[in-house]
Amino acid sequence: MPIAYYTSEAHFSHNTDADHPEHAMRIMAIEQALKQTGFWNELEHHEGKKADLTDIKRAHSEGYIEQLHLIQPDHGQILVDEDTAMTPGSLEAALWSAGACALALDNTSSSTGQHAFVATRPPGHHAEHRKAMGFCFFNNIAITALRAADVHHYQRIAILDFDAHQGNGTIDILGNDKRFLLCSSFQHPFYPYSHYEQAKFNNVINVPLCEGTGSATFRALIEEHWLPKLKAYAPEIILVSAGFDAHKDDPMAELSLIEDDYLWLGRQVRELASKRNTPSISILEGGYNLNTLGASVAAYLRGLSD
């Protein structure tokens, strides 16, 4: 079964400055790399859709959603926080980004063992219940997870996050909810400097990584801390916050992974899913060196499909 690939032209509406690290060329770089490797034609392509507000409200407060709409500029750009730029089309793009994830969930849930990858922007895993931050407005993976639980009635939902920056928003929204097992690896100490004290959360497995951590140490820690718990958990669906900024050449972090590590991660997800023909949905988060982002995504998808 081919990997389902979801994207949307609506991401261009989030028109950040060319010098902002989270810009439209990220999606284009991924598409170009997949075409260069010949993998593009092996994918099952889907256009996303705009999210239903019911889905957004499961993860975010009504007041927060209303506030974002009130402050959205009619022209130019404002900063919602020190890192999160908002332009006139940002919320439209964020709604389409979350909606593509929901569509991937709905389609993937009806197909045994299907893998999907959602390449949209803005990303989501830093957005908390009442707070935008870290380039994120709506928490795509938390929105998807809550829809998986409430609409599709999954009871064991695994969430893996291998972005270099911890998904604080995902833990803020889903922490201590027994329907979810959250596995997070991240550089530490590092942005966002929160939610790393594992004892506060009974459903979180944190794997903090020292600056400079490379392939051997990273894989050993994942094998020690994530994989046994995930296998024992026997998830009914696997959701992945797929960030590629732990690459050694990424300008936004100080870890030392390489493309082959993302190939390995894709294989780990595929192997875990194969135990029960479990579907998986991987959602793009970070990755800011255009060349390594494209190559890393291509490697990860190849690992999922091997």
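The following legends describe close-up views of a predicted model.

**View 1. Helix 1 packs against helix 9.**
Helix 1 covers residues 25-36 and helix 9 covers residues 290-305. Their axes lie 8 Å apart and form an angle of about 55°. Angles under 35 degrees count as roughly parallel and those from 65 to 115 as roughly perpendicular; the two helices are therefore oblique to each other. Helix 1 passes helix 9 in a right-handed crossing. On the side of helix 1, the contact is made by Met25, Arg26, Ala29, Ile30, Ala33 and Leu34. Helix 9 contributes Leu290, Leu293, Gly294, Ala295, Val297, Ala298 and Leu301. Sorted by class, the residues of this contact are 11 nonpolar, 1 polar and 1 charged.

**View 2. Helix 8 packs against helix 9.**
The axes of helix 8 and helix 9 are 7 Å apart, and the packing angle is about 30°. Because angles under 35 degrees count as roughly parallel, helix 8 and helix 9 are described as roughly parallel to each other. The crossing of helix 8 past helix 9 is right-handed. In helix 8, the residues that meet helix 9 are Glu259, Tyr262, Leu263, Leu265, Gly266, Arg267, Val269 and Arg270. Their partners in helix 9 are Ala295, Ser296, Ala299, Tyr300, Arg302, Gly303, Leu304 and Ser305. The contact of helix 8 with helix 9 has 8 nonpolar, 4 polar and 4 charged residues.

**View 3. Helix 7 lies alongside helix 8, with axes that come within 12 Å.**
The two axes cross at roughly 10°, and helix 7 and helix 8 are therefore roughly parallel to each other. Helix 7 passes helix 8 in a right-handed crossing. From helix 7, the contact involves Ser215, Phe218, Arg219, Ile222, Glu223, Leu227, Leu230 and Lys231. From helix 8, it involves Asp260, Asp261, Trp264, Leu265, Gln268 and Leu272. These residues divide into 7 nonpolar, 2 polar and 5 charged.

**View 4. The largest nonpolar core has 47 residues.**
In soluble globular proteins, nonpolar side chains tend to be buried together. Within the largest core of this model, the residues with the most contacts are Phe117, Phe244, Tyr300 and Leu301. Several elements give two or more residues to this core, including helix 1, helix 7 (215-233), helix 8 (259-274) and helix 9. The strands that do so are strand 6 (157-161), strand 7 (180-187), strand 8 (204-209) and strand 9 (237-242). Another core, of 44 residues, lies apart from it, and among its members are Val118, Phe138, Ile157 and Leu174.

**View 5. Leu301 and Ile71 are shown with their contacts.**
Leaving aside neighbours within four places in sequence, Leu301 is in contact with Ile3, Leu34, Phe39, Leu43 and Phe117. Ile71 is found in helix 3, which covers residues 62-71. Leaving aside neighbours within four places in sequence, Ile71 is in contact with Ile78, Val80 and Met86. Is Ile71 buried, partly exposed or exposed? The relative accessible area of Ile71 is 35%. Buried means under 20% and exposed means over 50%, so Ile71 is partly exposed. Ile71 and Leu301 are 230 residues apart along the chain, and their C-alpha atoms are separated by 38 Å.

**View 6. Two peptide bonds that lead into a proline are cis.**
The peptide bond from Arg121 to Pro122 is cis, with omega near 5°. Pro122 belongs to the loop between strand 5 (115-118) and helix 5 (140-150). Tyr191 and Pro192 are also joined by a cis peptide bond, for which omega is about 10°. Pro192 is placed in the loop between strand 7 and strand 8.

**View 7. His195 and Ala234 have positive phi angles.**
Neither His195 nor Ala234 is a glycine. For His195, phi is about 65°. His195 lies in the loop between strand 7 and strand 8. The relative accessibility of His195 is 19%; buried means under 20%, so His195 counts as buried. For Ala234, phi is about 50°. Ala234 lies in the loop between helix 7 and strand 9. With a relative accessibility of 21%, Ala234 counts as partly exposed.

Note on methods. Residues are numbered from 1 along each chain as its sequence is written. This is a predicted model: local features need pLDDT of at least 70, side-chain atom pairs count only at pLDDT 80 or more; totals for chains, interfaces and linings use all residues. Side-chain values use heavy atoms; hydrogens and water are left out. Axes are lines fitted to C-alpha atoms, for helices over the stretch in contact, and angles run from 0 to 180 degrees between N-to-C directions. Helices (H or I, at least four residues) and strands (E, at least two) are DSSP runs, numbered from the N terminus. Angles under 35 degrees count as roughly parallel, over 145 as roughly antiparallel, 65 to 115 as roughly perpendicular and the rest as oblique. A crossing is left-handed if the near helix is turned anticlockwise from the far one by less than a right angle, and right-handed if clockwise. Contact means heavy atoms within 4.5 Å. Ala, Val, Leu, Ile, Met, Phe, Trp, Tyr, Cys and Pro count as nonpolar, Asp, Glu, Lys and Arg as charged, and the others, Gly among them, as polar. Buried means under 20% relative accessible area, exposed over 50%, partly exposed in between (1.4 Å probe, protein chains only). A nonpolar core is a set of buried Ala, Val, Leu, Ile, Met, Phe, Trp, Tyr and Cys residues joined through side-chain atoms within 4.5 Å.
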